[in-house]
Amino acid sequence: MNSDETAVREVFERLYKAWGDGDADAFADHYVEDATVVMPGVFNQGREAVRGYMAAAFAGPLKGSRGVDEPQDVRVHGDTAIVVSRAGIIMAGEQEFPPERERLATWVLSRRDGRWLVAAYANAPAR
């Protein structure tokens, strides 16, 4: 694994630490200003939209949850990285997420001023 791939994978560690802490500001700090997030029934555009969405989720249905994201494929091309991952949310009180909540996600990260940030994210049911 080269240093760029390691740095990209570290973004996920920081994102999910922020998730575990329920910290929407720290979570959104890993997104570019004009990032897009697409999930079934959801379209968020911009870092502030991501922050607002996650703040509401952490205060409501995702309170006490933990996000899990396992990169399956990481490709770095210059200042762009594409990551395909298997993901899910372990809700408060659960030890693991059920298969019907497993997602396949595609992440596009951009290196800006030496820092890898999420430029686009999309997920779909894995099953």
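Which strand does Asn-123 lie in? In this predicted model, Asn-123 is part of strand S6, which covers residues 115–125. Before zooming in on that residue, a look at the whole fold helps.

The protein has three helices and six strands. Read from the N terminus, these elements come in the order α-α-β-β-α-β-β-β-β. The radius of gyration is 14 Å, close to the 14 Å that the globule rule gives for 127 residues, so the protein is as compact as a globular protein of that length. Along the principal axes, a box of roughly 40 × 30 × 25 Å holds the C-alpha atoms. Of the 127 residues, 37% count as buried. The accessible surface adds up to about 6,900 Å², and carbon and sulfur atoms own 50% of that area. As for who touches whom, take the contacts with a separation of 6 or more: 48% of them link residues 24 or more positions apart. The protein carries 15 positive and 20 negative charges, and the mean positions of these two sets are 2 Å apart.

Back to strand S6 and Asn-123. With a relative accessible area of 13%, Asn-123 falls under the 20% cut-off and therefore counts as buried. Its side chain makes a polar contact of 2.9 Å with the side chain of Tyr-121. Setting aside residues up to four places away in sequence, Asn-123 touches Val-38, Met-39 and Pro-40, and also Arg-103, Leu-104 and Ala-105.

Glu-102 sits in the loop between strand S4 (80–90) and strand S5 (103–112). Is this loop residue buried or exposed? Glu-102 is buried, at a relative accessible area of 10%. The side chain of Glu-102 has a polar partner in the side chain of Arg-127, at 2.9 Å. Apart from neighbours within four places in sequence, the contacts of Glu-102 include Arg-86, Ala-87 and Phe-97, along with the run Ala-124, Pro-125, Ala-126 and Arg-127.

The loop between S5 and S6 holds Asp-113. Here the picture is one of exposure: Asp-113 has a relative accessibility of 85%, which is over 50%, so it counts as exposed. The backbone of Asp-113 has a quirk as well, with a positive phi of about 50 degrees although the residue is not a glycine.

Strand S5 itself contains Arg-111, a partly exposed residue with a relative accessible area of 24%. What does the side chain of Arg-111 reach at 2.8 Å? That partner is the backbone oxygen of Gly-78. The side chain of Arg-111 also joins the side chain of Asp-4 through a polar contact of 2.7 Å. Leaving out neighbours within four places in sequence, Arg-111 is in contact with Asp-4, Gly-78, Asp-79 and Trp-116. Arg-111 and Ala-7 are 104 residues apart in sequence, yet their C-alpha atoms are 10 Å apart in space.

Asp-4 turns up again at the start of the chain. Asn-2, found in the segment before helix H1 (3–20), has a polar side-chain atom 3.0 Å from the backbone nitrogen of Asp-4. Asn-2 is partly exposed, with a relative accessible area of 46%. Along the chain, Asn-2 and Val-76 are 74 residues apart, while 9.6 Å separates their C-alpha atoms.

Definitions and conventions
Residues are numbered from 1 along each chain as its sequence is written. This is a predicted model: local features need pLDDT of at least 70, side-chain atom pairs count only at pLDDT 80 or more; totals for chains, interfaces and linings use all residues. Side-chain values use heavy atoms; hydrogens and water are left out. Helices (H or I, at least four residues) and strands (E, at least two) are DSSP runs, numbered from the N terminus. The radius of gyration is taken over C-alpha atoms; the globule rule is 2.2 Å times the number of residues to the power 0.38. Buried means under 20% relative accessible area, exposed over 50%, partly exposed in between (1.4 Å probe, protein chains only). Contact means heavy atoms within 4.5 Å. Accessible areas come from the Shrake-Rupley method with a 1.4 Å probe; for residues, only the protein chains shown count as cover. Lys and Arg count as positive and Asp and Glu as negative; His and the chain ends are not counted. The place of a charge is taken as NZ of Lys, CZ of Arg, CG of Asp or CD of Glu. A polar contact is a pair of N or O atoms within 3.5 Å; within protein, one must be able to donate a hydrogen and the other to accept it, and residues adjacent in sequence count only if both atoms are side-chain atoms.
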